Amino acid sequence: MLTRSSTNNIRQTNTTPEWADQPDHFTHMTHSSDTILKREETMHLEAPTSLPTEHRYMRSSNSSSSSGGFGSSTSNSSRSSPQPSREQRIMEPTEFDDLIDGKHFLSSADEVDEDTEHYAASSSSSSDTSSTIRPSKRRKKTAPASRPKKKTASSYRPKQSAKSKSTSNNNSDINLPPITLSIDPQDLKLKRILGEGQMGMVMLAEYHSVPVACKFRRAKRNKQTFEDAITRELAFAARLSVCPYMNPCIGILRCKQARGGRLIRGDDLYIVQRYYENGDLRDYMEKLQDNYFHESQVLQIALTLFAGLADAHKMNIGILDLKLENILIDSCGSAWITDFGSCVELRGDDDWIDLRYVGVQWTKAVAAPEMLHQHSFSKKSDVFMAASIIAEALTPQLSDEEFAKNVLARAKNGTVKFNHKKIHPMYREFVPILKRALANDPDERPTAEQIYKVLLEMRSLSMKEGIQQRTVT
């Protein structure tokens, strides 16, 4: 069995594959991902309008449209605003005031938010009849003295019962269900070590005969430092639990080890997580029998990896330390992202952070070029590292050093020059994606969501081709 950890048992790096001197296989692809990328680049989605038809021409001309596919989003500030047709009429000043007051957007009085209620309360108690937000030129219509004043949407405030008032004033009285599983230490039994880090280690354990992974502090490591790091990791794990293919936290407990692998109540923090039969992606690659994954296996890994990464980016969370050891493979061959201790929070798609002032750990050997020579990180940096993981899965016969030298062709300053000739021709569908995602310029890389959509279409095409082949035979 060939492993990536040892370079002695691996083929020579200067050996050129048999397909390297043959005609370029990547220019004659049918249903290739390159065709899909070009189609993605020609798609442009128009931003939907939320105003009624007669009010659409009032929208600002600075609204931008998002570009579909792999093209970067461009601003359409030069686009002139559509003019009203003959059937459209110009709003009267009174109608415009109603639009500002929010009356066109409320279907019932119950839809008034807290800010409107607060303004209604202050305006009803004041003797001045003009609005504090925008002065109105309309003359106030007074109701007859015999008729009670009708409550409008801007002055209506729903009544609260005594029970609801007490609940809103004291949120601590609400009994919320536990977020994590309540685990008795006596129900856990440690088995063997799965992995070790700088501060903690992970062991295989059994919880009511069900295999789980248990993470805790290593011996002679600072307890407070470990628990501070775990607290940060659990905070991001809780937020990412809504995303697919993010390793969840099952339970947290305080205990200590006893003889025979038993746990008893103590002061050490133990984290219980899901157990993955195939281990991390590096272990999964070392278990290969014929040194190569099937195309469908690589597609499943890539799909699940970018599915989780795309949703994390929607929540403006960057993973920052994506590598083989932090990708777990379940029994179905799906990839699960784990170890959220290095995650960072971003403010948007174009936001970047200076790694010199973050104070988190990350791996330089797999980092994006801008992380090495500019100390900057963005969502596109995650895309580079995720694409590098897929490229490593396509070349399991190479060691880490051979992969960095012959496939990425990484220079001393961190820049790369992707060499697809070291990748077997059966993986030709992935080459166009990797070329774009491994670009040195972050602006030239697609987003994780765009790559995920292309991978979905690749799977759909491969399934159709498989059905057609079975039909012919």
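**View 1. Arg347 and Asp351 meet in a salt bridge.** The side chains of these two residues come together with N and O 3.4 Å apart. This is a predicted model, so keep in mind that every close-up here shows a prediction. Is Arg347 buried or exposed? Arg347 counts as exposed because its relative accessible area is 73%. Asp351, on the other hand, has a relative accessibility of 12%, so Asp351 counts as buried. Here, then, an exposed residue is paired with a buried one.

**View 2. Arg282, Glu325 and Asp400 form one network.** Salt bridges with shared partners join these three residues. Let's zoom in on Asp400, which sits in helix 10, a helix covering residues 400-407. With 29% relative accessibility, Asp400 counts as partly exposed, because that label is for values between the 20% limit for buried and the 50% limit for exposed. While you're here, look for Ala365 too: Asp400 and Ala365 are 35 residues apart in sequence, and their C-alpha atoms are 9.1 Å apart in space.

**View 3. Asp184 and Arg265 make a salt bridge.** Their closest N and O atoms are 3.8 Å apart. The pair links distant parts of the chain, with their positions 81 residues apart in the count: Asp184 is in the loop between helix 4 (162-169) and strand 1 (188-196), and Arg265 is in strand 5 (residues 263-265). Asp184 counts as partly exposed because its relative accessibility is 28%. Arg265 has a relative accessible area of 62%, so Arg265 is exposed. If you count up salt bridges in the whole model, you get 15.

**View 4. Glu449 and Lys314 join two helices.** Here's another salt bridge between side chains, this one with an N to O distance of 3.5 Å. Which helices hold the two partners? Glu449 belongs to helix 12 (residues 448-472) and Lys314 to helix 7 (residues 295-314), so this salt bridge ties together parts that are 135 residues apart in sequence. Glu449 is partly exposed because its relative accessibility is 24%, and Lys314 is exposed because its value is 54%.

**View 5. Strand 3 holds Lys215 and Phe216.** Start with Lys215, which lies in strand 3 (residues 210-217). UniProt lists Lys215 under "binding site", in an unreviewed entry. Lys215 counts as buried because its relative accessibility is 15%. Now move on to Phe216, also found in strand 3. Phe216 has 3% relative accessibility, so Phe216 counts as buried. Met199 is worth finding as well: the C-alpha atoms of Phe216 and Met199 are separated by 8.7 Å, with the two residues 17 apart along the chain.

**View 6. Ser209 and Lys220 sit in the loops on either side of strand 3**. Ser209 is in the loop between strand 2 (200-207) and strand 3. Lys220 is in the loop between strand 3 and helix 5 (223-240). What is the phi of Ser209 near? The angle is near 70°, a positive value in a residue other than glycine. Lys220 isn't a glycine either, and its phi is positive too, near 65°. Ser209 is exposed because its relative accessible area is 64%. Lys220 has a relative accessibility of 84%, so Lys220 counts as exposed.

**View 7. Arg274 lies in strand 6.** This strand covers residues 268-274. Arg274 counts as partly exposed because its relative accessibility is 36%. Try picking out Asp330 as well: Arg274 and Asp330 are 56 residues apart in sequence, with a C-alpha to C-alpha distance of 9.8 Å in space.

**View 8. Four acidic residues gather in a patch of negative charge**. Which residues make up this surface patch? They are Asp350, Asp441, Asp443 and Glu444. Asp350 is found in the loop between strand 10 (344-345) and strand 11 (353-354). Asp350 counts as exposed because its relative accessibility is 74%, and exposed means over 50%.

Terms used:
Residues numbered from 1 in each chain as written. Predicted model: local features only at pLDDT ≥ 70, side-chain atom pairs only at ≥ 80, totals over all residues. Heavy atoms only, no water. Patch = residues over 30% accessible without salt bridge, like charges linked within 9 Å, V, L, I, M, F, W, Y side chains within 5 Å. Areas by Shrake-Rupley, 256 points an atom, 1.4 Å probe, with all protein chains shown as cover. Charge placed at Lys NZ, Arg CZ, Asp CG, Glu CD. Helix = DSSP H or I, 4+ residues; strand = E, 2+ residues; numbered from the N terminus. Buried < 20%, exposed > 50% of the residue type's maximum accessible area, 1.4 Å probe, protein only. UniProt positions renumbered as here; feature names shortened; annotations may be inferred.
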